[in-house]
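Me: I am new to this structure. Please take a close look at the part that faces the DNA, and then show how the rest relates to it.

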2 protein chains.
Amino acid sequence: MLTRKQSELLEFLVKHSEEHDVPPSYDEMRDALGLASKSGIHRLVSGLEERGHIRRLANRARAIEILRPSGAAASLAKSVSAAVDAVSLPLLGRIAAGTPIEALSDPTNHLEVPASMLRSGDHFALEIVGDSMIEAGIMDGDTVVIQRANTANHGEIVVALINKQEATLKTLLKEPGRIGLEAANPKYETRYFESDAVEVQGKLAGLIRKY
Amino acid sequence: MLTRKQSELLEFLVKHSEEHDVPPSYDEMRDALGLASKSGIHRLVSGLEERGHIRRLANRARAIEILRPSGAAASLAKSVSAAVDAVSLPLLGRIAAGTPIEALSDPTNHLEVPASMLRSGDHFALEIVGDSMIEAGIMDGDTVVIQRANTANHGEIVVALINKQEATLKTLLKEPGRIGLEAANPKYETRYFESDAVEVQGKLAGLIRKY
DNA sequence: CTTGTTTAGTTCGCAATTTGTTCTTTTGCT
DNA sequence: AGCAAAAGAACAAATTGCGAACTAAACAAG
C-alpha cells in the first residue's frame with residue numbers, strides 16, 4: 001500500500017510522536033530521512049494523506065495527525081494504546097434545546113463507551129436535558145456520543161451552535177440559503193437560520209442509557 | 001498536531017486544571033510560558049481551539065475547557081482513566097413483541113459495553129426488533145443490556161417469557177392474581193396473564209444505540 | 001438604576017523567524 | 001533519450017514575540 005519512502009516516513013512519524021509532544025516539521029522529516037531538500041517530504045506527506053494514513057491541516061505548521069500506522073510502525077503504536085476495547089470520552093456537559101452547553105462542575109467526568117461506537121476522529125459525550133428529541137428515541141437523561149465535525153449532511157442529527165451561543169441537538173436540514181434545525185417532538189417548531197449563523201460542532205454517533 | 005508553543009500551553013492548561021479548580025487567566029498563562037505580552041496567548045489559544053483541543057466561550061473570563069490533551073499531557077490524563085474495563089457480553093439474539101428470541105446466526109456475536117452499565121450478576125444483550133417500546137425510547141435496532149433475574153418489581157422493564165415460548169420486552173405490571181405486560185406504544189394493548197404463565201428472564205439495565 | 005473602577009479578554013500593527021508550497025533544475029538510472 | 005526521484009531556490013504563509021489600545025464583563029459605590 002505504501003512505497004518504501006512513504007513507509008519509512010510513516011515509521012518516523014510514529015516514532016517521533018512517541019518521543020516528542022509535537023509532530024515534526026518538514027525540515028526535521030527531511031533530516032530524519034537523510035534527504036537534502038524538503039520538497040520530497042511534501043510529496044511523501046501528500047501520498048500518506050491520499051492513502052488515508054495521516055490527516056493534515058493545510059498550510060498549518062506541524063499539523064499532521066497519524067490515523068493509521070502500518071507495518072512495523074503499527075505494532076509499535078498498538079502496544080501503546082490498544083489494550084482495551086472501550087474508550088473513555090470526556091463528558092463535556094449537558095445539552096438542551098435553547099441553552100448553551102452547561103459545563104459540568106466536575107471537569108474530570110468521563111464516560112466509557114464501547115470502541116465499536118466510535119468512528120474516526122475525535123469524540124465527546126453530552127448528557128441530554130429535555131424532551132426535544134424524544135421521537136428519535138433520545139430521552140431526558142440519556143448520554144449521547146458525538147463525533148466532532150465541522151460539517152454534516154442533510155438529515156443528520158448534529159450538535160449545532162447557533163449565533164455562537166446557543167447549542168442544541170437537532171436534525172440538520174440543509175436548504176438553499178438557509179439552515180433548518182428540526183426537533184423530534186411536535187411540541188417544538190423547526191427553526192431556520194442564515195447559513196452563517198449555524199455552526200456544526202459534531203454528529204450524533206451513539207447513545208447510551210442506563211436504567 | 002500542535003506546534004511547540006501550542007503544546008507547551010496545552011500542557012500547562014492540563015497541569016493547571018489538575019492543581020486548581022479554575023482554568024488560568026491569560027496573564028497566568030503568559031507568566032507560565034515566560035512571555036511579556038498576552039496577545040501571543042490569545043493566538044495560541046485560538047490555535048488550540050482551531051485544532052479541536054480546547055473549547056472556549058468568547059469574552060468570558062477563564063472560560064477554557066480542555067477537550068483533548070495530547071502528547072505528554074495525554075499520557076498523564078490517560079493513566080488516570082485508561083484502566084477502562086469494558087465487558088464483552090454475549091449478544092443472544094433479537095427480541096420483538098410477539099415472537100420468541102430469535103437466535104443470531106453467529107453465536108460468537110459479542111458486544112462491548114462499559115462496565116459502568118452493569119449491575120451485579122450475569123448480563124446479556126439483545127437486539128430490539130419492532131416499535132413496541134418506542135415511547136420508552138427503545139427503538140428498532142437498538143441493543144439492550146439485560147441483567148439476568150428471576151424476579152422483578154412492578155413497573156420495571158423486563159424480558160418476560162410467556163408460556164415458555166414467547167419472549168418480549170415489556171413493562172411488568174404486578175397485580176393481584178395476574179401479571180400484566182405493557183408495551184410503550186399505544187398501538188399495542190396491555191396483555192394480562194396468570195402469574196404462572198410469565199417468567200421473568202431479566203431486567204433492562206442499559207441501552208446502546210449506534211448511528 | 002446608573003456610574004465608575006477593575007479585571008480579563010480581544011484586536012491591531014510591526015518585526016523576526018520558522019515552516020509549507022511551488023517551481024525549476026539536476027541527478028541517477030535504465 | 002526518457003523517466004522518476006531528489007535537490008535547490010524562491011516565495012508565500014504561518015508562527016512567534018512585543019506593546020498599545022480597545023471592548024466586555026464583574027463588581028462596588030453613589
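Reply: The surface near DNA strand D is made up, by class, of 6 nonpolar, 11 polar and 5 charged residues. This comes from a predicted model, and every value below is computed from it.

In all, 22 residues surround DNA strand D, and the closest are A:Leu35, A:Ser39, B:Lys5, B:Ser37 and B:Ser39. Three helices each supply at least two residues of this surface: α3 (39-50) of chain A, and α1 (4-19) and α3 (39-50) of chain B. The most comes from α3(B), with 5 residues.

The other strand can be described in the same terms. Around DNA strand C there are 20 residues, of which A:Ser25, A:Tyr26, B:Ser25, B:Tyr26 and B:Ser39 come nearest. Here the elements that each supply at least two residues are α2 (26-32) and α3 of chain A, together with α2 (26-33) and α3 of chain B. By class, the surface near DNA strand C has 6 nonpolar, 8 polar and 6 charged residues. B:Ser39 is named among the nearest residues for DNA strand C and among the closest for DNA strand D.

Next, two of the chain B helices at DNA strand D. The axes of α1(B) and α3(B) lie 10 Å apart, and the helices pack at an angle of about 90 degrees. Angles from 65 to 115 degrees count as roughly perpendicular, so α1(B) and α3(B) are roughly perpendicular to each other. On the α1(B) side the contact is made by B:Lys5, B:Gln6, B:Leu9 and B:Leu10, and on the α3(B) side by B:Leu44, B:Gly47 and B:Leu48. By class, this contact has 4 nonpolar, 2 polar and 1 charged residues. B:Lys5 takes part in this contact and is also one of the closest residues to DNA strand D.

Further along α1 of chain B is B:His16. It has 18 C-beta neighbours inside 10 Å; a residue needs 20 or more to be buried and 12 or fewer to be exposed, so B:His16 counts as partly exposed. Leaving aside residues up to four places away in sequence, B:His16 touches B:Pro23 and B:Pro24. From B:His16 to B:Met29 is 13 residues in sequence and 9.7 Å in space, C-alpha to C-alpha.

Now the interior. The largest nonpolar core holds 64 residues, and those touching the most other members are A:Ala125, A:Val144, A:Val145, A:Ile146, B:Val144, B:Val145 and B:Ile146. Apart from it lies another core, of 25 residues, including A:Val22, A:Met29, B:Leu10 and B:Val45. B:Leu10 of that core is also part of the contact between α1(B) and α3(B). In soluble globular proteins, nonpolar side chains tend to be buried together.

Back in the largest core, B:Val145 touches B:Leu89, B:Val113, B:Met117, B:His123, B:Ala125, B:Ala205, B:Gly206 and B:Ile208, not counting residues up to four places away in sequence. In chain A, A:Ala205 is found in strand β12 (residues 198-210). It has 23 other C-beta atoms within 10 Å and is therefore buried. On the same sequence limit, A:Ala205 touches A:Met117, A:Leu118, A:Arg119, A:His123, A:Val145, A:Ile146, A:Gln147 and B:Tyr211. A:Ala205 and A:Arg119 are 86 residues apart along the chain, yet their C-alpha atoms are separated by 7.4 Å.

Finally, chain A as a whole. It has 4 helices and 12 strands, and buried residues make up 36% of its 211 residues. Among its contacts between residues at least 6 apart in sequence, 57% join residues at least 24 apart.

How values were computed
Residues numbered from 1 in each chain as written. Chains lettered and ligands numbered in written order. Predicted model: local features only at pLDDT ≥ 70, side-chain atom pairs only at ≥ 80, totals over all residues. Core = buried A, V, L, I, M, F, W, Y, C linked by C-beta atoms within 7 Å. Contact = placed C-beta atoms within 7 Å. Near = placed C-beta within 6 Å. Nonpolar A, V, L, I, M, F, W, Y, C, P; charged D, E, K, R; others polar. Axes fitted to C-alpha atoms, helices over the stretch in contact; angles between N-to-C directions. Parallel < 35°, antiparallel > 145°, perpendicular 65-115°, else oblique.
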